[in-house]
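Below are some notes for a colleague, set out as numbered points. Please read them alongside the structure.

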Amino acid sequence: MRYNVPEYERRGAFENEEILQNLTRITEIAQRSGIPNEQIVHVGGIAPMLHTCIATGQTRYAIKWRGTQDLDICLTVSNGPQRLADALGGSGIHVTNRRPSRSIAHKHAVEIELGTAKGLFRSGRSLEIDVYGGDAHGNARINDRVLHPYPGKFITERIITHPCWGHDLTIPNLLDTLILKMDVAKETDRSKDTIDISALLFSAEKTGLQPKELTVKLKSVYSTLGIAWPTWSRQVIPTLTRVCGEREKLVKLDFAPVASREYLEEVISLLR
């Protein structure tokens, strides 16, 4: 697997300052439309990056983040994708497309043209926002996992907020972010998922979350999907083993924080 360049240097990706400022602007627009900030949950690569900033107290990880080509937002309100598209359009932003995903249920892509409203970078490009909307009760789904609206538990605990570019952004707590990332990583083989999981395990170690406590919590949530733990562990352990095996490559990257080898190996051992 190649880790030679961060996502933000790859073709089609945005500069970090640009994507983060656009993200906060879109969040502000959604809030003004009546969607509470606690129900605008950022579930893409922004979440592991912010957890790294929280764990270290260093904002440099926001600048050196791997970057992204799109945004992933979970709106724990009913009819979320349409409400977001209407809010953006009402703010003078040109919504060029809104469509349901062909491959992932409960997901819609909202595409906007940047530079059509004050506060968005004038790059002359479009930005795709992948939106996971809630049902009549606000419960959303990602990869068959039910995500509950605030003040309920998102998965295992309530969401948290953290300042970014002058605005409080809502993200899942560290464990829930790790669960969502591992759900995706066990089905794919993408370097960015490995980088994100590495960053989350780094943050877990940095904040003092011991491997035993982490693995007990992980095991406790998988019955909710009706998946026997041995089956799920066979699916996810290769992902963690890949993170551990690629550790030396990741260490050399300034944009990929990495947990200690001892921490990674103990987590894998306890999950077996």
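1. In this predicted model, the buried residues of helix H4 pack against one other helix element, H1 (16-32), and against four strand elements, namely S2 (70-78), S3 (94-100), S4 (107-113) and S5 (126-134).

2. The residues of H4 (residues 80-90) that are buried are Gly80, Pro81, Leu84, Ala85, Ala87 and Leu88. Viewed down the axis of H4, these buried residues fall within an arc of 160°, and they therefore line one face of the helix. This fits the general geometry of an α-helix, in which there are 3.6 residues a turn, so that residues three or four places apart point the same way.

3. After H4 comes Gly92, a residue whose phi is positive, with a value near 90°.

4. A separate site to examine is Ser198, which is placed in helix H6 (residues 191-206). Ser198 has a relative accessible area of 1% and is buried, given that the cut-off for a buried residue is under 20%. When residues up to four places away in sequence are not counted, Ser198 touches Val243, Leu250, Pro257, Val258 and Ala259.

5. For the protein as a whole, the secondary structure comprises 10 helices and 9 strands, and buried residues account for 53% of the 272 residues. Of the contacts between residues at least 6 apart in sequence, 66% join residues at least 24 apart. The protein exposes about 12,000 Å², of which carbon and sulfur atoms supply 47%.

Definitions and conventions
Residues are numbered from 1 along each chain as its sequence is written. This is a predicted model: local features need pLDDT of at least 70, side-chain atom pairs count only at pLDDT 80 or more; totals for chains, interfaces and linings use all residues. Side-chain values use heavy atoms; hydrogens and water are left out. Buried means under 20% relative accessible area, exposed over 50%, partly exposed in between (1.4 Å probe, protein chains only). Helices (H or I, at least four residues) and strands (E, at least two) are DSSP runs, numbered from the N terminus. The arc is that of the directions from the helix axis to the C-beta atoms. Contact means heavy atoms within 4.5 Å. Accessible areas come from the Shrake-Rupley method with a 1.4 Å probe; for residues, only the protein chains shown count as cover.
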